[in-house]
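Subject: Structure handover

Hello,

Here is the structure I said I would pass on. My notes on it follow below the files.

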Amino acid sequence: MRVLEVASEAVPFAKTGGLADVAGALPEALARLGCDTTLVIPAHREALARGLPIESTEVSFEVPIGTRRPLARILRCTPPGSRVDVVLIANDDLFDRPTLYGGPRDYADNAERFIFFSRAVLEWASRQQRPFDIVHCHDWQAGLVPAYQKLLYGSSPALAGSRTVMTIHNMAYQGLFWHWDMLLTGLDWKYFNWQQMEFYNQLNLLKTGLVFADAISTVSPTYAREIQQAPGGCGLEGVLAARSDVLSGIVNGIDTAAWNPADDRHIPRHYGERDFAEGKYAARVALAARLGHAAPDARPLVAFVGRLVGQKGVELVVELLGRMAGAGRAHFMILGSGEPSSELDLARMAASFPGTVDVVIGYDEGLAHLVQAAADITLVPSRFEPCGLTQLYAQRYGSIPLVRATGGLVDTVVDATPETLEDGSASGFVFEGFDAAALEHALVRALTLHADGPAWQRLVRHAMRLDWSWGTSALEYLRLFERTLAAAPVRTG
Ligand code: ADP
């Protein structure tokens with residue numbers, strides 16, 4: 001199967017979030033399954049500055065954008081040890097910028113940048129000799145690709161038989177722009193209607209992808225259900241419900257080489273299922289030293305690692321600390337950065353409960369590994385969570401995730417009940433309502449089980465054995481691609 005993956009960021013080239021991890025790992029995993037895989041990304045300044053073996057080519061072409069025809073230059077790279085051919089679309093006016101999308105405010109020309117990128121992908125693909133079976137597009141930045149394949153490039157031999165798959169990583173980001181940007185797309189105004197490209201007088205690039213793609217996926221089965229209703233669909237629930245026959249969810253894999261307690265350069269003693277207690281103790285000693293404590297605390301360590309934003313349920317963590325830190329049943333460690341008000345709330349908690357609550361504000365990859373290795377319990381009380389990786393890393397490091405029942409957290413954590421503990425399927429703790437009392441109740445359950453040594457050990461060993469490698473996820477994508485190729489293409493009217 002010949003697969004073209006299209007994304008605006010991918011590891012190791014450029015990254016702002018989880019999309020880059022998926023767009024980096026999935027093409028590799030598909031290649032290992034025998035797919036002939038090409039990845040196309042923009043040639044961001046960041047991608048060119050990372051010392052990767054990127055080569056210029058002779059290939060360049062004009063891309064019609066409104067009344068202009070800016071040039072796209074093709075760069076190529078096969079990262080060391082990779083089987084994936086990466087094509088980078090270069091245009092210095094659009095992509096030689098300090099950050100990927102702007103910030104704190106988005107770049108004013110983001111519509112033009114990603115309309116250009118999407119159209120350039122098709123211009124390039126249509127010039128290839130060998131046809132593509134699947135064109136797999138990620139998020140709003142690639143949302144126009146399915147429309148272009150159907151409406152403008154479907155007669156080229158390389159794309160005539162292609163099917164398009166649109167994958168949503170987070171419904172909260174849709175690529176909404178003012179309606180006059182429709183002129184830049186080169187598509188007929190007739191498609192600017194509420195059933196196709198328009199969203200309340202604006203151009204919506206994600207919606208466009210969802211309407212024109214032959215199949216749609218998102219990053220967990222539960223999130224696939226949640227986005228077909230308000231508020232999960234963020235206004236596009238109707239569009240998604242109408243396409244529920246081709247909408248599915250596939251949980252992301254994790255990088256099992258980077259996140260491996262048996263071989264992790266960030267932790268003092270490597271460990272596996274058998275000696276996790278020794279590994280965790282060594283990590284606790286190192287963490288205590290790092291935080292300036294004389295010795296590690298003997299109480300269970302409860303951790304939170306993540307962005308301090310509304311999505312992640314930080315306010316529940318703050319409230320939980322207020323309720324529980326005084327009782328002294330556990331030690332809490334929070335690592336994160338984000339909204340200043342949350343950072344301040346957490347810093348206050350650390351000041352109120354010295355020796356019981358540690359807070360480190362900042363982004364520190366190495367410390368995140370050490371905290372997961374040291375912790376007994378990791379809190380993931382998200383308001384919504386398309387897939388979530390923290391709970392998967394936590395399980396692999398034998399830190400039992402305590403999660404809210406939303407999105408991918410539902411699909412990856414089995415609540416510890418008498419039944420699931422008995423049959424060995426338990427892999428964490430789950431609570432339903434978005435409130436601190438429910439979180440506290442779940443944490444008390446977890447701490448009670450923690451006090452029962454053998455039962456806790458069984459739980460940890462099972463969690464550590466779970467397989468969240470990309471191989472399994474890529475196989476599901478392959479099946480989705482096969483189903484999509486076997487079905488009739490979407491009718492676009
Ligand atoms: P999201 O992509 O929505 O932020 P995920 O759970 O999918 O959430 O992945 C986030 C990962 O990023 C975490 O597992 C954690 O390892 C890492 N991370 C988040 N914040 C920090 C931080 N302040 N320091 C180190 N790593 C962090």
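Which side chain does Arg465 meet in a salt bridge? The partner is Glu273, with an N to O distance of 2.9 Å. Please keep in mind throughout that this is a predicted model.

Salt bridges

The Arg465 and Glu273 pair links distant parts of the chain, 192 residues apart. Arg465 sits in helix H18 (residues 453-465), while Glu273 belongs to the loop between strand S12 (247-249) and helix H10 (276-291). Glu273 counts as partly exposed because its relative accessibility is 28%, and the partly exposed class lies between 20% and 50%. Elsewhere, Arg2, Asp36 and Arg130 are joined into one network by salt bridges that share partners.

The count of salt bridges comes to 23. One of them pairs Arg73 with Asp92, where the closest N and O atoms are 3.4 Å apart. This pair also links distant parts of the chain: Arg73 is in strand S4 (residues 71-77) and Asp92 is in helix H3 (residues 92-95), with the two positions 19 residues apart in sequence numbering. Arg73 has a relative accessibility of 33% and so counts as partly exposed. Asp92 is partly exposed as well, with a relative accessible area of 45%.

Another salt bridge joins Arg269 to Asp275, and here the closest N and O atoms are 3.2 Å apart. Arg269 is at 33% relative accessibility, which means that Arg269 counts as partly exposed. Asp275, at 24%, is likewise partly exposed.

Helix packing

Two packed helices are described by the angle between their axes and the distance between the axes. I give both values for three pairs below.

Helix H11 (residues 314-324) packs against helix H17 (residues 436-450) at an angle of about 60 degrees, and the axes are 9 Å apart. The two helices are therefore oblique to each other, since an angle has to reach 65 degrees to count as roughly perpendicular. The crossing of H11 and H17 is right-handed. On the H11 side the contact is made by Leu316, Val317, Glu319, Leu320, Arg323 and Met324. H17 contributes Ala436, Ala437, Leu439, Glu440, Leu443, Val444 and Leu447. Sorted by class, this contact of H11 with H17 has ten nonpolar residues, three charged ones and no polar ones.

H17 also packs against H18, the helix that holds Arg465. The axes of H17 and H18 come within 7 Å and cross at roughly 110 degrees, so this pair is roughly perpendicular. Ala446, Leu449 and His450 of H17 make the contact with Gly453, Ala455, Trp456 and Leu459 of H18. By class, the contact of H17 with H18 has five nonpolar and two polar residues, with no charged ones.

The third pair is helix H4 (residues 110-126) and helix H5 (residues 144-151), whose axes come within 9 Å and cross at roughly 45 degrees. H4 and H5 are therefore oblique to each other, and H4 passes H5 in a right-handed crossing. In H4, the residues Ile115, Ser118, Arg119 and Leu122 meet Leu144, Val145, Tyr148 and Gln149 of H5. The contact of H4 with H5 has five nonpolar, two polar and one charged residues by class.

Individual residues

Is Ser342 buried or exposed? Ser342 lies in helix H12 (residues 340-352) and has a relative accessible area of 11%, so Ser342 is buried. Not counting residues up to four places away in sequence, Ser342 touches Leu308 and Val314.

Ser248 is found in strand S12. With a relative accessible area of 17%, Ser248 is buried, because the buried class covers values under 20%. Leaving aside neighbours within four places in sequence, Ser248 is in contact with Ile216, Ser217, Thr218, Ala224, Leu480 and Arg483.

Arg491 lies in the segment after helix H19 (470-486). At 79% relative accessibility, Arg491 counts as exposed. Arg491 and Lys150 are 341 residues apart in sequence, and their C-alpha atoms are 9.2 Å apart in space.

Regards

Technical notes
Residues are numbered from 1 along each chain as its sequence is written. This is a predicted model: local features need pLDDT of at least 70, side-chain atom pairs count only at pLDDT 80 or more; totals for chains, interfaces and linings use all residues. Side-chain values use heavy atoms; hydrogens and water are left out. Axes are lines fitted to C-alpha atoms, for helices over the stretch in contact, and angles run from 0 to 180 degrees between N-to-C directions. Helices (H or I, at least four residues) and strands (E, at least two) are DSSP runs, numbered from the N terminus. Angles under 35 degrees count as roughly parallel, over 145 as roughly antiparallel, 65 to 115 as roughly perpendicular and the rest as oblique. A crossing is left-handed if the near helix is turned anticlockwise from the far one by less than a right angle, and right-handed if clockwise. Contact means heavy atoms within 4.5 Å. Ala, Val, Leu, Ile, Met, Phe, Trp, Tyr, Cys and Pro count as nonpolar, Asp, Glu, Lys and Arg as charged, and the others, Gly among them, as polar. A salt bridge is a side-chain nitrogen of Lys or Arg within 4 Å of a carboxyl oxygen of Asp or Glu. Buried means under 20% relative accessible area, exposed over 50%, partly exposed in between (1.4 Å probe, protein chains only).
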